[in-house]
Amino acid sequence: VLLHDGVFIAYATNAQGDRANVQMARSTNLVDWELVTEGEGLRDAMPDLPPWAREGFTWAPEVIRTDAGFILHFTAKDRASDLQCIGTAFSTDPMGPFTSTATAPLICQTEIGGTIDSSPYRDADGSMYIYYKNDGNHPRFARETAIYAQRMSADGQSLVGEPVALVTNDTAWEEHVIEAPTMVRRGDRHILFYSANHFGWETHQRLSPYAMGYALCDGPM
C-alpha cells in the first residue's frame with residue numbers, strides 16, 4: 001500500500017483470467033476500498049511485462065517513491081529458467097503504466113529455487129535497500145529458505161554490493177518457508193516482519209498455519 005496525495009493505493013498479485021498483471025485498489029481511509037478500473041475492466045499498473053517475464057505469474061508487487069518517480073517491485077516467471085524471479089519497473093505516475101525493457105531479472109537465485117517477494121526500503125539517511133527470499137520451498141528444490149538484504153542505488157533500480165542473509169526458517173512455527181519481508185524503523189531499531197509456514201491448509205487442518213513473525217535488527221542489513 002502506497003500513500004500518495006491523500007489516497008492509499010493497494011497493489012496486488014495478477015488478477016484471474018489475465019485481466020491485469022498488477023491490479024490496484026484505492027481508499028482515502030484504509031476502510032472503504034474500490035478497485036481501480038479503466039473502461040469496463042481493471043486498470044493494469046504494468047500492462048506490458050519486460051521481455052524476460054512470462055504472463056500469468058506476476059506476484060507480490062510493492063511501490064516506492066524516488067526523486068524521479070515511482071519504482072514497482074514485482075515477481076514474475078523468468079522465461080529462461082522457468083523460475084519465479086524479481087524485477088523493477090518505473091513510472092512517473094503511481095497508477096502506472098510502469099514499464100521496463102530489462103532483458104533479465106534484477107535478481108534470480110536459480111541455484112536455490114529462484115527469488116520472490118521483493119520489498120524496497122528507504123532508511124532514515126535516504127539509503128535504499130531491497131529485501132527478498134529465495135524460493136527454496138519450490139518443489140524442484142525442497143530446501144531451506146532465507147530472507148536477504150541488499151543495498152540499492154539511489155534511483156532504486158540497480159544493486160550495490162553483495163546480499164546478506166538475515167534470517168532462515170529455523171524454528172518450528174516457520175516450518176518449510178519464510179517469505180514476504182517488510183523492514184520498518186521504530187526509533188533507532190530496525191524490525192523485519194515476515195510470514196512463515198503453509199499459506200493454505202491440509203485436509204486434516206481446520207485453519208491455515210500461516211503466520212507472521214518479526215526479527216529485531218541492529219541495522220538495515
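Guide: Buried means under 20% relative accessible area, exposed over 50%, and partly exposed in between, with a 1.4 Å probe and protein chains only. This is a predicted model, where local features need pLDDT of at least 70 and side-chain atom pairs count only at pLDDT 80 or more, while totals for chains, interfaces and linings use all residues. Residues are numbered from 1 along each chain as its sequence is written, and side-chain values use heavy atoms, leaving out hydrogens and water.

Visitor: Is D117 buried or exposed?
Guide: D117 sits in strand β10. Strands (E, at least two residues) and helices (H or I, at least four) are DSSP runs, numbered from the N terminus. The phi of D117 is near 60°, a positive value in a residue other than glycine. With a relative accessible area of 11%, D117 is buried.

Visitor: How does D82 count by its relative accessibility?
Guide: Look in the loop between β8 and β9 for D82. Its phi is near 65°, again positive in a residue other than glycine. Most residues other than glycine have a negative phi. At 33% relative accessibility, D82 counts as partly exposed.

Visitor: Which residue does a cis peptide bond join to G96?
Guide: Most peptide bonds are trans. Here omega is about 10°. The partner lies in the loop between β9 and β10 (115-122). The cis bond joins G96 to P97.

Visitor: Which strand gives the largest nonpolar core its largest share?
Guide: A nonpolar core is a set of buried Ala, Val, Leu, Ile, Met, Phe, Trp, Tyr and Cys residues joined through side-chain atoms within 4.5 Å. The largest one has 21 residues, and Y11, M24 and F74 are among those with the most contacts inside it. At least two core residues come from each of β2 (7-12), β7 (53-65), β8 (70-78) and β9 (84-91). The largest share is 4 residues, and it comes from β8.

Visitor: Which residues does V63 touch beyond four places away in sequence?
Guide: V63 is one of the residues with the most contacts inside the core. Contact means heavy atoms within 4.5 Å. Leaving out residues up to four places away in sequence, V63 touches L2, Y11, F70, I71, L72 and F98.

Visitor: How many residues of strand β3 are buried?
Guide: Strand β3 covers residues 23-27. The rest of the structure largely encloses this strand, because its buried residues number 4 of the 5.

Visitor: What stands opposite F8 in β3?
Guide: Two strands pair if DSSP finds at least two bridges between them. β2 and β3 are antiparallel and pair over 5 bridges. In β3, F8 faces S27.

Visitor: Which residue takes a positive phi in the hairpin of β3 and β4?
Guide: Strand β4 (residues 34-35) runs antiparallel to β3, and 2 bridges join them. One bridge pairs R26 with E34. The hairpin has 6 residues between the strands, and the positive phi, near 65°, belongs to L30.

Visitor: What is the order of the open sheet of 4 strands?
Guide: β10 and β13 stand at the edges with a single partner each, so one side of each has no neighbour in the sheet. Inside the sheet, β12 (residues 146-152) and β13 pair over 6 bridges, where A149 has V164 as its partner. The pairing is antiparallel, in the order β10-β11-β12-β13.

Visitor: By what angle are neighbouring strands turned in the open sheet of β14, β15 and β16?
Guide: This antiparallel sheet has 3 strands, with β14 (178-186) and β16 (211-217) at the edges. β15 (residues 189-196) and β16 pair over 7 bridges. Axes are lines fitted to C-alpha atoms, for helices over the stretch in contact, and angles run from 0 to 180 degrees between N-to-C directions. On average, with direction ignored, the turn is 25°.

Visitor: How is the ring pair of W173 and Y194 classed?
Guide: Rings of Phe, Tyr and Trp (its six-membered ring) pair if their centres lie within 6.5 Å; planes under 30 degrees apart count as stacked, over 60 as edge-to-face and the rest as tilted. W173 is partly exposed at 34%, whereas Y194 is buried at 7%. They lie 21 residues apart in the chain. The ring centres are 6.0 Å apart and the planes at 25°, so the pair is stacked.

Visitor: How far is K77 from the ring centre of F57?
Guide: A charge sits over a ring if NZ of Lys or CZ of Arg is within 6 Å of the ring centre and within 35 degrees of the ring normal. K77 lies over the face of F57, at 3.8 Å.
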